[in-house]
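Open the model in your viewer and keep the selection tool at hand. This tour goes stop by stop, telling you what to pick and what is there.

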Amino acid sequence: MSHAATSPALRVIHTVCSHDCPDSCGVLVTVNAEGRAVKVQGDPAHPFTQGFLCGKVAKYLDRVYAPERILYPLKRKPGAPKGPQPRGREHDVFERVSWDEALDAIAARLKQIADTHGPESILPYSYAGTIGVLGYGSMDRRFFHRLGASRLDRTICSEAGGVAWNLVYGRKLGMVSEDFRLARLILAWGANIHGNNIHLWPMIEQARRNGARLIVIDPYRTRTAALADWHIPIRPGTDAALALGMMHVILNEGLEDRAYIAAMTHGSEQLAERAREYTPERVAAWTGMTAAEVEQLAREYATTQPAALRMNYGVQRCENGGTAARAIAMLPALTGAWKYRGGGAQLSTSGGFAWNRQALDRPDLALASPLGRPARLVNMSNLGRALTGLGTTPHDGPPVKALFVYNSNPGAVAPNQNAVRRGLARQDLFTVVHELFFTDTTDYADYILPATTFLEHTDVQGAYGHYFVQLSRQAIEPPGEARPNVWLFGQLAQRMGFPEACFRDTPEEMIRQALGIGPDGRSTNPAMEHITLEDLEEQGHIPLAFHCDPAQQPFQPYASGTVPTPSGKIEFYSEELAAAGLDPLPAFHPAEESRWGKAAARYPLEFLSRKADNYMNSTFAHLEGHRKMEARCGGLLEMHADDARPRGIADGDPVRVFNDRGSLRLLARINGSVPRGVVAARLDWAKLHPDGGNVNALTSERLTDLGAGATFYSVLVEVARA
Ligand SMILES: Nc1nc2c(c(=O)[nH]1)N[C@H]1C(S)=C(S)[C@@H](COP(=O)(O)OP(=O)(O)OC[C@H]3O[C@@H](n4cnc5c(=O)[nH]c(N)nc54)[C@H](O)[C@@H]3O)O[C@H]1N2
Ligand SMILES: Nc1nc2c(c(=O)[nH]1)N[C@H]1C(S)=C(S)[C@@H](COP(=O)(O)OP(=O)(O)OC[C@H]3O[C@@H](n4cnc5c(=O)[nH]c(N)nc54)[C@H](O)[C@@H]3O)O[C@H]1N2
Ligand code: SF4
Ligand SMILES: [Mo]
């Protein structure tokens, strides 16, 4: 979409912020006559973006035009060691090569490794550098399936919660974000709305102007918590106990919605029996709340309608996080909150889109690979184990001999960082990294290939925090020789001699495939049947079919009708879990790495290795402007005065945070942001720290109870004055 702009020399292009954020903002990019982007702004026509961008992306041109962007393919100089490279000195160890030379060499090496060790010794590693549908996963998936490379189990972010939600509701649908403004009670549970989901905030403000109360359940005093009517600083990893305690009170006092339960749910009697065990007193002892608070929360939640529950992924980054998310997800089904517009819950809206992944990913190509079958799965949350030869659960096979990284910075974001780094440093590991900057991961690469920002390629995008399909149009030429993911994997496929026509698809063809558009120009996806590529071009964003005209027909998932679970109902009790030999009902079990675990004797403090408000995971962490915005919290260990005092630590003191896996130097900050027994620090780049490690030097490869996800918020440490 090209808007007229104030000056004839300026063009305005509709793009979409492709960072891993629920908001997926429409971004208008103003481009001058020389083809240079001169301004980014939030699309005022987008009902959720509402014309504003977060602080991170408002400064986006700092990133696009950063002088340190990687502009050309690079190759490690012969004999140069792998490992942290001082910033600005990367060219000491890398030399520029042409794309042709890089692609030929990479293809030849991958072929040789596949022939010698089997194709499963090649591991692609990617996550959400871009969540554009094509950039996140399309040509790359085709390429690796056809090659027979190991498949990556993408568990690092949302798997525990996703599995939990689907056990209860069958599909990741949730409340319409714009409807939060109609709520009378908003419960933000493990959801840092102000920091991570800022476009929901105006809806909450509007609801509060109409008298709604905001309750935040988060061990950390986020800005969201500080602005709440009631902040409950729950102990990390005890949310399942609280949710079950709320059920106990609700059922005990008859506050449940019996008609809704009878019509819409499965297993309420079994759940009631389970909830009986969770008296407010027991729950209080685990969560650090008082019994009266547990009761008050339950009553308030059950008796105020519409009640909107924003659960985010914070609750499920704990050992028992899957069960916690599952128990929380059941609450609106017990109270019937789904019946009210402005009520219900939202974990994610991503299930609304149903992109045609079969066409995009082409998993069938595995049959044409030398393996002739789907390759083994390697859990990305166990990258350290996979690279250091400790196994690649669940299926072992050849050791990993080649690692192909794109859309991710595992050197900074993967748990158990010291193991990851030992693995990456292996001289016999062939590593390719497709990136925009010299990150903690490129320091270990044999080849670095330059990637594009969302201003520099075309893509289509959905969201996990709203229901609009958007087209992101290329606004500017990529700087230097930067190239998009789709182009890179198409080129590599040609070099490997893969004959399938799909490797020559253009981005536009792939967008049609994603939308399920057939030869007649119409989509076969019921949620997208009204969407044509031409309309998307014209309008930039189009709501999904069920969300088309909210005024006439509001979208209220789970208000009535059949639910896509095995029973056709919202499931309190899961036959599927029972069949797998697991507890079919939610229960609370304290985490191994918690104050109740064995290691607490040596490492008594629970550590929250949280995200930074002004970075996007590790993205932006090296940019001066973003670092300035984050200065209030970056490089700090936030702790409670009662934990600092006996350790002789005062505010501002240098401290060492450590456990068996690693150690990190930070400055102590005693600011009331964490409860007693909990300390917190923020994710950034490892190489910005004096010891070359960040918070993930302390995190473990332990996995969540459901979904085998990472446990960034179940970590025990000790702290000493440095
Ligand atoms: N500014 C910014 N925005 C982001 C990101 C970022 O890095 N920075 N990351 C993006 C990504 S990848 C994602 S997945 C989303 C995630 O968005 P959120 O799910 O909101 O993510 P988190 O910040 O991991 O967790 C939310 C809150 O949960 C709290 N928490 C930790 N442990 C527990 C617990 O045991 N119980 C409860 N109740 N709360 C707990 C944390 O203190 C945190 O404030 O945000 C996206 N948006
Ligand atoms: N301790 C701790 N660790 C965490 C978390 C936490 O809260 N605490 N959060 C976890 C979560 S929720 C997530 S989602 C993961 C996120 O982990 P990642 O998905 O690795 O996220 P980023 O750190 O943003 O790194 C993305 C990288 O992709 C690059 N990139 C951007 N666009 C493109 C592109 O188009 N092509 C290519 N090839 N590259 C591109 C960026 O420059 C950036 O370096 O981190 C996890 N790690
Ligand atoms: S990071 Fe999120 S809030 Fe910021 S511009 Fe991108 S989508 Fe919008
Ligand atoms: Mo994430």
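## Stop 1: two loops

Start with Asn617, which is found in the loop between β23 (605–610) and α24 (624–630). This is a predicted model. Check the backbone of Asn617: phi is positive, about 50°, although the residue is not a glycine. Most residues other than glycine have a negative phi, and most peptide bonds are trans.

Now go to Pro306, in the loop between α14 (291–303) and β13 (307–311). Select Gln305 along with Pro306. The peptide bond from Gln305 to Pro306 is cis, and its omega is near -5°.

## Stop 2: the domains

Colour the chain by domain. Domain 1 comes in pieces, 94–157 + 358–453 + 479–528. Domain 2 covers 160–347, and domain 3 covers 598–721. Taken over C-alpha atoms, the centres of domain 1 and domain 2 are 38 Å apart.

## Stop 3: the second largest pocket

Which residues lie nearest the centre of the second largest pocket? Select Tyr127, Tyr136, Arg141, Ser350 and Arg357. They belong to a lining of 41 residues. The space inside is about 1200 Å³.

Next, show the helices and strand around this pocket. At least two lining residues come from each of α4 (133–136), α5 (139–147), β8 (151–153), α6 (159–169) and α16 (357–361). α6 gives the largest share, 4 residues. Keep the domain colours on: domain 1 and domain 2 each contribute at least three residues to the lining. Then colour by class. The lining has 20 nonpolar, 11 polar and 10 charged residues.

## Stop 4: a sheet of 3 strands

Select β19 (459–461) and β21 (541–543), and add β20 (468–472). Together they form an open sheet in the order β19-β20-β21, with antiparallel pairing. β19 and β21 are the edge strands, each pairing on one side only. Neighbouring strands here are turned by 15° against each other on average, direction ignored.

Add helix α21 (507–515), which packs on this sheet. α21 touches β19 and β20, and its direction makes about 20° with that of β19.

Look along β20 and β21. The two run antiparallel and are joined by 3 bridges. To find a matched pair, select Val469, which stands opposite Ile542 in β21. Strands of a sheet pair through backbone hydrogen bonds, either parallel or antiparallel.

## Stop 5: β25 and its partners

Move to β25 (654–658). How many bridges pair β25 with β26 (663–669)? There are 5, in the antiparallel sense. A hairpin of 4 residues links β25 to β26. Select Phe658 and you will find Ser663 of β26 opposite.

β25 also pairs with β28 (716–721). This pairing is antiparallel too, over 4 bridges. Here the residue to pick is Val655, which stands opposite Arg721 in β28.

## Stop 6: the cavities

Finish with enclosed space. The whole structure holds 4 cavities of 30 Å³ or more. The largest cavity has about 100 Å³ of space. What lies closest to the centre of the largest cavity? Select Cys17, Cys21, Cys25, Cys54 and Val57. These are among the 14 residues that line the largest cavity. Colour this lining by class to see 9 nonpolar, 3 polar and 2 charged residues.

Technical notes. Residues are numbered from 1 along each chain as its sequence is written. Chains are lettered from A and ligands numbered from 1 in the order in which they are written. This is a predicted model: local features need pLDDT of at least 70, side-chain atom pairs count only at pLDDT 80 or more; totals for chains, interfaces and linings use all residues. Side-chain values use heavy atoms; hydrogens and water are left out. On a 1 Å grid over the protein atoms alone, a cavity is a set of points where a 1.4 Å probe fits but cannot get out, and a pocket is an open set with protein on both sides within 12 Å along at least five of seven lines; lining residues have an atom within 4 Å of a point. Grid points are joined across faces, edges and corners, and a volume is the space filled by probe spheres set on the points. Ala, Val, Leu, Ile, Met, Phe, Trp, Tyr, Cys and Pro count as nonpolar, Asp, Glu, Lys and Arg as charged, and the others, Gly among them, as polar. Domain bounds come from an automatic or database domain assignment. Two strands pair if DSSP finds at least two bridges between them. Axes are lines fitted to C-alpha atoms, for helices over the stretch in contact, and angles run from 0 to 180 degrees between N-to-C directions. Contact means heavy atoms within 4.5 Å.
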